[in-house]
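Reader: I would like to learn how to read a structural model feature by feature, beginning with the overall picture and ending with individual side chains. Could you take me through one?

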Amino acid sequence: MNTDQLLAHFQKLRSTLKPSQMAALGGVFVAVVTLVVGSAYYLNAPDYTLLVADMDAETANAVVGRLKADRIPYQLGDGGRTVRVPSDRVDELRLALAADGLPSAGRIGFEIFDRTAFGTTEFLEQVNYRRALEGELARTIATMADVASARVHIAMAKDSLFLDRSEPAKASVALRLKGNRTLSPSAVRGIAALVASSVEGLRPESVTILDHHGRPLTRPEDPAEGTGLDATQLERQQQIERNLAQKVLAMLEPVVGEGRVRVNVAAHLRADIIEETEERWDPNTVVRSRQTTTETGAATVVPAGIAGARANQPPALTTADTANGTAPPVTTTATAPGRSTETTNYEVGKLVRHTLSPQGQLARLSVAVVLDDERVTTKNEDGTVTMATRPWDPEGLQRVQALVAAAVGLDPERGDQLTVENIPFGVVPENAPAPTGFGGRALELLEQHWRTLVNAVVVLLVAAFAFFGVLRPLAAKLGRSVEPPALPAAATAGARLPTVSEMEGQLEAELDAMAAPSPRRLPALTQRVARLAAEEPEQVARIVRGWISEDGR
């Protein structure tokens, strides 16, 4: 079909429709085209993803300026503090902004020394060093997961020759947290240690940390009721309880079923330091050493003879005395009696024990285990398998109790307690496993692409409504409203068109009614037929086709 035929059809359709019908058809056409174009644009529009959030005015201005320079579309939100960009370029833009040091929250780091001016005084250098250190610490703290931004203020230490005039270093940190999150005590202590380690002469106790609500985060934690434990020991107590509970759950769930057991562990730590010194004496004596000494008597010569000085002198043995017949003096020998001595040393046994128990040692352990009813699987005669529940028997509870006692290292002498009870669960466990297999994968895909699916379904519904609810009924109405050409009064009044004989009879009657002579009948008939052909061409065509068909028969 060429252009002329198309225009001819359009002119013919236009001639058969009223102006109101043409306006309605044009309005519907414009609405459908607008709907289709809008749906296509909506489906092809880029999906914007969060690039940077929780920015101040200065940082937002720098980020937006960079996006404008690169001609990247963006969307602002949250009062200008949030910037969104197309999802396919978010990773690239994050790397580019990080390379430019954005977002930097307007804090200046050690790059301040890249532009040193000539003639800078020592005081100005100290001020710049403090500014650079504050900026670097603020940037480092802002990289934490729960921290949106940070500001650090440092008061440097002042040394003096007089001790009472020297001032220690101090620091304060103001944090703006993400959402309604709170920092854990360990994170607060880590920030204090970070700042203290970066500033010379600064102690962690001299660092004050505040959140964006003005609440101090470095205040000493209130001790627990009746325990007297500090924050570190309380955290250790909670860690012990979590580890033991997870250990018991990992052991029992494969046996009793996942989600059918509950474990609660309460660990009590010592809040004081115990120092004991024990001294014990053994009643049984022990021989440490034994010494024996023996003395024997010596022989002594006793002279015999005339008393006096001469008798006390030893005799001189000479040959003259023997030759003269003089006898030597007589002597006697005496032996002194001997002596024996024995010394025995005894030792008494002594035990000295010094025990020092630091604070935070495990003093007592309490474990409570609740089991759901036991599941019993029964196979029927027809091959079907049914599952029922029944209470645990005492032997089964004792076995579970023995397993739990061995898992947590229960010590009855220390006062530990263990309770295992069978109580039917009345609700579905909260940690029920997610469906696996094809259904699980389908749910995961639906969670990931639900927005795209909803958009497509909405567009399809709108297109179906436009076609079946607007275009089709309107086309049917227009088809019914197209009126055929006006017929003669006799044709429109009756249910059928007049035949050729009836038309001839009508013409003859009209001519007979006219009081005209016979020669004028032919011109009058010719004029009548010409007027009828001009006014009703389709009706005349039907009459001619009828004559032709009658002549053919």
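Author: What follows is a walk through the overall make-up, two pieces of sheet, a surface patch and some charged side chains.

Reader: What should I keep in mind about the model, and how many helices and strands are there in the protein?

Author: Please keep in mind that this is a predicted model. The protein has 15 helices and 15 strands, and buried residues make up 20% of its 553 residues. The exposed area comes to about 39,800 Å², of which carbon and sulfur atoms supply 56%. As for contacts with a separation of 6 or more, 70% of them are between residues 24 or more positions apart.

Reader: How do strands of a sheet pair?

Author: The general idea is that strands of a sheet pair through backbone hydrogen bonds, and that the pairing is either parallel or antiparallel. In this structure, an open sheet of three strands shows antiparallel pairing, in the order S1-S3-S2. Its edge strands are S1, residues 48-52, and S2, residues 75-77, each of which pairs on one side only. On average, and with direction ignored, neighbouring strands of this sheet are turned by 35° against each other.

Reader: Over how many bridges do S1 and strand S3 pair, and which residue stands opposite Val-52?

Author: S1 and S3, the latter covering residues 82-86, pair in the antiparallel sense over four bridges, and Val-52 stands opposite Val-83 in S3. Helix H4, residues 90-99, packs on the sheet and touches S1 and S3, with its direction making about 15° with that of S1.

Reader: How do the side chains lie along a regular strand?

Author: In a regular strand the side chains alternate between the two faces of the sheet. Strand S7, residues 261-269, can be read in this way: Val-261, Val-263, Val-265, Ala-267 and Leu-269 point to one face and are buried, whereas Arg-262, Asn-264, Ala-266 and His-268 point to the other face and are not buried. S7 runs antiparallel to strand S12, residues 362-371, and nine bridges join the two. Arg-262 stands opposite Val-370 in S12.

Reader: Which residues make the nonpolar surface patch?

Author: The patch is made by Leu-443, Leu-446, Trp-450, Leu-453, Val-454, Val-458 and Val-462, and it has an area of about 590 Å². One of these residues, Val-458, is found in helix H11, which spans residues 437-481. Val-458 counts as partly exposed because its relative accessibility is 44%, a value that falls between the 20% limit for buried and the 50% limit for exposed.

Reader: Where is Arg-130 found, and which residues does it touch?

Author: Arg-130 is found in helix H5, residues 122-142, and it is partly exposed, with a relative accessible area of 33%. Not counting residues up to four places away in sequence, Arg-130 touches Ile-154 and Met-156. The C-alpha atoms of Arg-130 and Gly-109, which are 21 residues apart along the chain, are separated by 9.6 Å.

Reader: How should I recognise a salt bridge, and how many salt bridges are there?

Author: The test is whether a side-chain nitrogen of Lys or Arg lies within 4 Å of a carboxyl oxygen of Asp or Glu. By this rule the count comes to twelve salt bridges. One of them is formed by Glu-92 with Arg-89, with the closest N and O atoms 3.5 Å apart. Both partners are partly exposed, Glu-92 at 47% relative accessibility and Arg-89 with a relative accessible area of 29%.

Reader: In which helix do Glu-136 and Arg-139 both lie, and which parts of the chain does the pair Glu-235 and Arg-189 link?

Author: Glu-136 and Arg-139 both lie in helix H5, three residues apart, which is about one turn of the helix, and the closest N and O atoms of their salt bridge are 3.7 Å apart. Glu-136 counts as partly exposed at 23% relative accessibility, and Arg-139 is partly exposed with a relative accessible area of 29%. In the other pair, the side chains of Glu-235 and Arg-189 meet in a salt bridge at 3.0 Å, N to O. This pair links distant parts of the chain, with Glu-235 in helix H7, residues 231-256, and Arg-189 in helix H6, residues 185-198, at a separation of 46 residues. Glu-235 is partly exposed at 33%, as is Arg-189 at 35% relative accessibility. Salt bridges that share partners also join Glu-278, Arg-280 and Arg-353 into one network.

Methods
Residues numbered from 1 in each chain as written. Predicted model: local features only at pLDDT ≥ 70, side-chain atom pairs only at ≥ 80, totals over all residues. Heavy atoms only, no water. Patch = residues over 30% accessible without salt bridge, like charges linked within 9 Å, V, L, I, M, F, W, Y side chains within 5 Å. Areas by Shrake-Rupley, 256 points an atom, 1.4 Å probe, with all protein chains shown as cover. Buried < 20%, exposed > 50% of the residue type's maximum accessible area, 1.4 Å probe, protein only. Pairing = 2+ DSSP bridges. Axes fitted to C-alpha atoms, helices over the stretch in contact; angles between N-to-C directions. Contact = heavy atoms within 4.5 Å.
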